[in-house]
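Good morning, and thank you for coming. Before I begin, please take a moment to look over the sequence and the model on the screen.

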Amino acid sequence: MRIVSYSDFKRPDGSIDWGAFHREDVAAKKLDTNDGVYCSHCGAYIGGPVGYPQVCNQCQSLTHVSELIHSRLVRCPHCAQEIRPSEANASGRSGLFEPGLHEVVCVCAYHFTVETHVSYSFVSPALLKDPDV
Ligand SMILES: [Zn+2]
Ligand SMILES: [Zn+2]
C-alpha cells in the first residue's frame, strides 16, 4: 500500500499542486484495489494486500438472499439494484442519513423500508499547554 503525500507535490513557490496530488492518489488507490487492499466493488478498506482484487464481506452479502447491512450501499429487495445512500429516493429531511426507518423508492418503482444506524465519534479539544491557568 502506497501512501501519497501532498508534500511531494510542492511547487517551487511553496504552494501544493492539488490536481497532480489527486491524480497520483487515485492511481495509487487503483493499484491497491488491484492488490486487494480496497474492495473492488465499493472501495472500502479491507487490509491485505493479497495480490489480486477482492470484494469486502459487506459486498459479498449483496449477492445473498438474506437481509444485509452495508455501510455504503442499499439493495432493492425486488430487483437487487444497488443504490448509494446519497442518491436514494428516500423519505425524511436528510434522506437515508437520518437515523431510523426510511421508505425508499427504487428505479424499478418498488417501495421498501431501510433502517439507518448511525455511529458516533466525539472530538475533544487539544490538551491545554498550561493546565494550571
Ligand atoms: Zn465492498
Ligand atoms: Zn428495484
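What should the 18 residues of helix α1 span, and how far apart are its end C-alpha atoms? At 1.5 Å a residue, helix α1, residues 18-35, should span 26 Å. Its end C-alpha atoms are 25 Å apart, which agrees with that expectation. I should say at once that this is a predicted model.

Let me turn to the overall organisation. The secondary structure of the protein consists of 2 helices and 5 strands. Along the sequence these elements follow the pattern α-α-β-β-β-β-β. The protein is divided into domain 1, residues 1-69, and domain 2, residues 73-133. Between the C-alpha centres of domain 1 and domain 2 there are 22 Å.

How does the radius of gyration of the protein stand against that of a compact globule of 133 residues? For such a globule a value near 14 Å would be expected, but the protein has 20 Å. Along the principal axes, its C-alpha atoms fill a box of roughly 55 × 50 × 25 Å. Burial and contacts complete this overview. Of the 133 residues, 8% count as buried. If we take contacts between residues at least 6 apart in sequence, 19% of them join residues at least 24 apart.

We may now look at domain 1, residues 1-69, beginning with the segment before α1, where K10 is found. Is K10 buried or partly exposed? K10 counts as partly exposed, because it has 13 C-beta neighbours inside 10 Å. A separation of 38 Å lies between the C-alpha atoms of K10 and N57, two residues that are 47 apart along the chain.

At the other end of the helix, G36 comes just after α1 and takes a positive phi of about 90°. Which residues make up the largest nonpolar core? There are 5 in all: V37, Y38, C39, C56 and C59. One of these core residues, Y38, deserves a further remark. Neighbours within four places in sequence aside, Y38 is in contact with K29, D32, T33, G43, A44, Y45 and I46. Of these partners, K29, D32 and T33 fall within the residue range 18-35 of α1.

I now move to domain 2, residues 73-133, and to its strands. An open sheet of 3 strands is arranged in the order β3-β4-β5, with antiparallel pairing. The edge strands are β3, residues 89-90, and β5, each of which pairs on one side only. As a general reminder, the strands of a sheet pair through backbone hydrogen bonds, either parallel or antiparallel.

Let us take the two pairings in turn. Strands β3 and β4 run antiparallel and are joined by 2 bridges; here A90 stands opposite V104 in β4. Strand β4, residues 100-105, pairs with β5 in the antiparallel sense over 6 bridges. Across that second pairing, H102 stands opposite V114, E103 has T113 as its bridge partner, and V104 stands opposite F112. V104 therefore appears in both pairings, facing A90 in one and F112 in the other. 

How many residues of strand β5 are buried? The count is 0 among the 6 residues of β5, residues 111-116, and the strand is hardly covered.

Finally, two alanines call for comment on their backbone geometry. Most residues other than glycine have a negative phi, and most peptide bonds are trans. What is the phi of A80? The value is near 70°, which is positive in a residue other than glycine. A80 is placed in the loop between β1, residues 74-75, and β2, residues 82-83. With 12 C-beta neighbours inside 10 Å, A80 counts as exposed.

The second alanine is A109, and its phi is positive at about 80° although the residue is not a glycine. Where is A109 placed? A109 lies in the loop between β4 and β5, two strands that form a hairpin with 5 residues between them. A109 counts as exposed because it has 8 C-beta neighbours inside 10 Å.

That concludes my presentation, and I thank you for your attention.

Conventions: Residues are numbered from 1 along each chain as its sequence is written. Chains are lettered from A and ligands numbered from 1 in the order in which they are written. This is a predicted model: local features need pLDDT of at least 70, side-chain atom pairs count only at pLDDT 80 or more; totals for chains, interfaces and linings use all residues. Helices (H or I, at least four residues) and strands (E, at least two) are DSSP runs, numbered from the N terminus. The expected span of a helix is 1.5 Å times one less than its number of residues. A nonpolar core is a set of buried Ala, Val, Leu, Ile, Met, Phe, Trp, Tyr and Cys residues joined through C-beta atoms within 7 Å. A residue is buried if 20 or more other C-beta atoms lie within 10 Å of its own, exposed if 12 or fewer, and partly exposed in between; C-beta atoms are placed from the backbone. Two residues are in contact if their C-beta atoms, placed from the backbone, lie within 7 Å. The radius of gyration is taken over C-alpha atoms; the globule rule is 2.2 Å times the number of residues to the power 0.38. Two strands pair if DSSP finds at least two bridges between them. Domain bounds come from an automatic or database domain assignment.
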